[in-house]
Amino acid sequence: MTLFPVTKRAWCAISLFPMSAICETSAATSSAPDLFSASYVFQVLGSLLLVFGCIVGLLFLLKKVNGLSSVGASPLRVLGSARVGTREKVVLLQAGEQQLLIGVATGGVRTLHVFEQPVVLSEQQETQDFSTLLAKALGQGKTP
(Lines give C-alpha, C1' and ligand atoms only; values in the text may rest on other atoms or scores of the structure.)
Protein backbone atom coordinates (compact mmCIF):
# COMPACT_ATOMS: atom_id res chain seq x y z
CA MET A 1 0.00 0.00 0.00
CA THR A 2 1.44 3.36 -0.99
CA LEU A 3 0.86 6.54 0.90
CA PHE A 4 0.65 8.75 -2.18
CA PRO A 5 -0.79 6.94 -5.18
CA VAL A 6 0.45 8.77 -8.28
CA THR A 7 -0.51 7.82 -11.80
CA LYS A 8 1.98 7.89 -14.64
CA ARG A 9 0.41 10.99 -16.22
CA ALA A 10 0.51 12.89 -12.89
CA TRP A 11 4.14 11.87 -12.35
CA CYS A 12 5.10 13.25 -15.78
CA ALA A 13 3.40 16.55 -14.97
CA ILE A 14 5.07 16.79 -11.54
CA SER A 15 8.59 15.89 -12.65
CA LEU A 16 8.79 18.85 -15.09
CA PHE A 17 10.12 16.54 -17.76
CA PRO A 18 10.50 18.65 -20.93
CA MET A 19 9.09 15.99 -23.22
CA SER A 20 5.56 15.86 -21.88
CA ALA A 21 4.33 14.72 -25.28
CA ILE A 22 6.26 11.45 -24.91
CA CYS A 23 4.75 10.90 -21.46
CA GLU A 24 1.25 11.40 -22.86
CA THR A 25 1.81 9.05 -25.76
CA SER A 26 3.39 6.41 -23.55
CA ALA A 27 0.49 6.69 -21.13
CA ALA A 28 -2.03 6.29 -23.94
CA THR A 29 -0.21 3.43 -25.66
CA SER A 30 2.20 0.99 -24.13
CA SER A 31 4.64 1.10 -27.08
CA ALA A 32 8.01 2.85 -26.75
CA PRO A 33 8.34 6.34 -28.30
CA ASP A 34 10.26 6.77 -31.54
CA LEU A 35 13.61 8.21 -30.44
CA PHE A 36 14.78 9.00 -33.94
CA SER A 37 11.84 11.07 -35.08
CA ALA A 38 12.59 14.47 -36.57
CA SER A 39 10.93 16.43 -33.78
CA TYR A 40 12.83 14.59 -31.06
CA VAL A 41 16.19 15.06 -32.82
CA PHE A 42 15.51 18.77 -33.33
CA GLN A 43 14.51 19.13 -29.68
CA VAL A 44 17.72 17.46 -28.48
CA LEU A 45 19.94 19.45 -30.86
CA GLY A 46 18.16 22.69 -29.93
CA SER A 47 18.68 22.02 -26.24
CA LEU A 48 22.34 21.22 -26.84
CA LEU A 49 22.86 24.44 -28.77
CA LEU A 50 21.09 26.40 -26.04
CA VAL A 51 23.39 24.97 -23.35
CA PHE A 52 26.53 25.64 -25.42
CA GLY A 53 25.31 29.16 -26.15
CA CYS A 54 24.80 29.83 -22.44
CA ILE A 55 28.29 28.54 -21.62
CA VAL A 56 29.92 30.67 -24.34
CA GLY A 57 27.90 33.71 -23.24
CA LEU A 58 28.93 33.31 -19.61
CA LEU A 59 32.60 32.88 -20.56
CA PHE A 60 32.41 36.02 -22.70
CA LEU A 61 30.79 37.92 -19.84
CA LEU A 62 33.41 36.74 -17.36
CA LYS A 63 36.21 37.72 -19.70
CA LYS A 64 34.62 41.11 -20.35
CA VAL A 65 34.50 42.03 -16.65
CA ASN A 66 38.01 40.67 -16.00
CA GLY A 67 36.76 37.83 -13.82
CA LEU A 68 38.62 35.22 -15.83
CA SER A 69 42.33 35.34 -15.14
CA SER A 70 44.91 34.05 -17.57
CA VAL A 71 46.62 30.78 -16.78
CA GLY A 72 50.38 30.59 -16.35
CA ALA A 73 53.07 32.63 -14.69
CA SER A 74 53.85 35.74 -16.69
CA PRO A 75 56.28 38.55 -15.89
CA LEU A 76 53.50 40.98 -16.82
CA ARG A 77 50.64 41.32 -14.30
CA VAL A 78 47.65 43.63 -14.03
CA LEU A 79 47.60 44.98 -10.46
CA GLY A 80 44.48 47.08 -10.84
CA SER A 81 42.27 48.95 -13.24
CA ALA A 82 39.67 51.68 -13.13
CA ARG A 83 37.23 52.86 -15.76
CA VAL A 84 37.47 56.57 -16.50
CA GLY A 85 34.83 56.71 -19.21
CA THR A 86 32.69 54.47 -21.34
CA ARG A 87 35.64 53.34 -23.45
CA GLU A 88 38.63 54.54 -21.45
CA LYS A 89 40.45 52.77 -18.68
CA VAL A 90 43.51 53.35 -16.47
CA VAL A 91 45.54 50.23 -15.70
CA LEU A 92 48.34 49.65 -13.20
CA LEU A 93 50.77 47.04 -14.58
CA GLN A 94 53.76 45.32 -13.11
CA ALA A 95 56.43 44.33 -15.60
CA GLY A 96 59.17 42.51 -13.75
CA GLU A 97 60.06 44.81 -10.85
CA GLN A 98 58.75 47.98 -12.43
CA GLN A 99 55.19 49.33 -12.15
CA LEU A 100 53.54 51.33 -14.93
CA LEU A 101 50.36 53.37 -15.09
CA ILE A 102 48.90 53.16 -18.59
CA GLY A 103 45.83 54.59 -20.23
CA VAL A 104 43.79 52.37 -22.52
CA ALA A 105 41.37 53.96 -24.97
CA THR A 106 39.76 53.07 -28.26
CA GLY A 107 42.54 54.79 -30.20
CA GLY A 108 45.42 53.03 -28.45
CA VAL A 109 47.47 52.58 -25.30
CA ARG A 110 49.60 55.28 -23.68
CA THR A 111 52.08 55.22 -20.81
CA LEU A 112 50.91 57.76 -18.23
CA HIS A 113 53.56 57.26 -15.56
CA VAL A 114 56.44 54.96 -14.64
CA PHE A 115 56.76 54.61 -10.87
CA GLU A 116 60.21 54.63 -9.27
CA GLN A 117 58.89 53.11 -6.04
CA PRO A 118 56.26 50.34 -6.24
CA VAL A 119 52.76 51.63 -5.55
CA VAL A 120 51.39 48.21 -4.70
CA LEU A 121 53.77 45.88 -2.90
CA SER A 122 53.77 42.21 -3.84
CA GLU A 123 52.90 41.32 -0.22
CA GLN A 124 49.64 43.22 -0.65
CA GLN A 125 48.79 41.16 -3.73
CA GLU A 126 47.78 37.97 -1.93
CA THR A 127 45.37 35.48 -3.34
CA GLN A 128 42.04 35.21 -1.58
CA ASP A 129 39.61 32.35 -1.45
CA PHE A 130 36.24 32.47 -3.20
CA SER A 131 34.18 33.08 -0.06
CA THR A 132 36.20 36.20 0.80
CA LEU A 133 35.87 37.57 -2.73
CA LEU A 134 32.13 36.85 -2.78
CA ALA A 135 31.63 38.56 0.57
CA LYS A 136 33.54 41.61 -0.69
CA ALA A 137 31.50 41.72 -3.89
CA LEU A 138 28.26 41.59 -1.92
CA GLY A 139 29.47 44.37 0.37
CA GLN A 140 29.63 42.23 3.49
CA GLY A 141 33.38 41.79 3.63
CA LYS A 142 35.78 43.75 5.76
CA THR A 143 38.43 45.61 3.83
CA PRO A 144 41.95 44.86 5.09
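Serine 81 sits across from valine 91 of strand E2, and that pairing is a handy way into the sheet of this predicted model. Four strands make up the sheet, which is open and antiparallel, with the order E1-E2-E3-E4. Strand E1 (76-83) and strand E4 (108-115) are the edge strands, so called because each has a pairing partner on one side only. On average, neighbouring strands are turned by 25 degrees against each other, direction ignored. As a reminder, strands of a sheet pair through backbone hydrogen bonds, in either a parallel or an antiparallel fashion.

Start with the E1 side. E1 and strand E2 (residues 89-95) run antiparallel and are held in register by 7 bridges. One end of this pairing can be picked out from arginine 83, whose bridge partner in E2 is lysine 89. The link between E1 and E2 is a hairpin with 5 residues in it.

On its other side, E2 pairs with strand E3 (residues 98-105), again antiparallel and again over 7 bridges. Here alanine 95 faces glutamine 98 of E3. The hairpin between E2 and E3 has 2 residues in between. Glycine 96 is in that turn, and its phi is positive, at about 70 degrees.

E2 itself is mostly covered, with 5 of its 7 residues buried. As general background, side chains in a regular strand alternate between the two faces of the sheet.

Glutamine 94 deserves a closer look. This residue belongs to strand E2. Is glutamine 94 buried or exposed? Its relative accessibility is 13%, and because the cut-off for buried is under 20%, glutamine 94 counts as buried. What does its polar side chain find there? A polar atom of the glutamine 94 side chain lies 3.1 Å from the backbone oxygen of glycine 96, the turn residue with the positive phi. Further along the chain, with neighbours within four places in sequence left aside, glutamine 94 touches Pro75, Leu76, Arg77, Leu79 and Gln99. Of these contacts, Leu76, Arg77 and Leu79 fall within strand E1 (76-83), while Gln99 falls within strand E3 (residues 98-105). Glutamine 94 therefore combines a place in E2, a buried position by the under 20% cut-off and a side-chain approach to the backbone of glycine 96.

How values were computed:
Residues are numbered from 1 along each chain as its sequence is written. This is a predicted model: local features need pLDDT of at least 70, side-chain atom pairs count only at pLDDT 80 or more; totals for chains, interfaces and linings use all residues. Side-chain values use heavy atoms; hydrogens and water are left out. Axes are lines fitted to C-alpha atoms, for helices over the stretch in contact, and angles run from 0 to 180 degrees between N-to-C directions. Buried means under 20% relative accessible area, exposed over 50%, partly exposed in between (1.4 Å probe, protein chains only). A polar contact is a pair of N or O atoms within 3.5 Å; within protein, one must be able to donate a hydrogen and the other to accept it, and residues adjacent in sequence count only if both atoms are side-chain atoms. Contact means heavy atoms within 4.5 Å.
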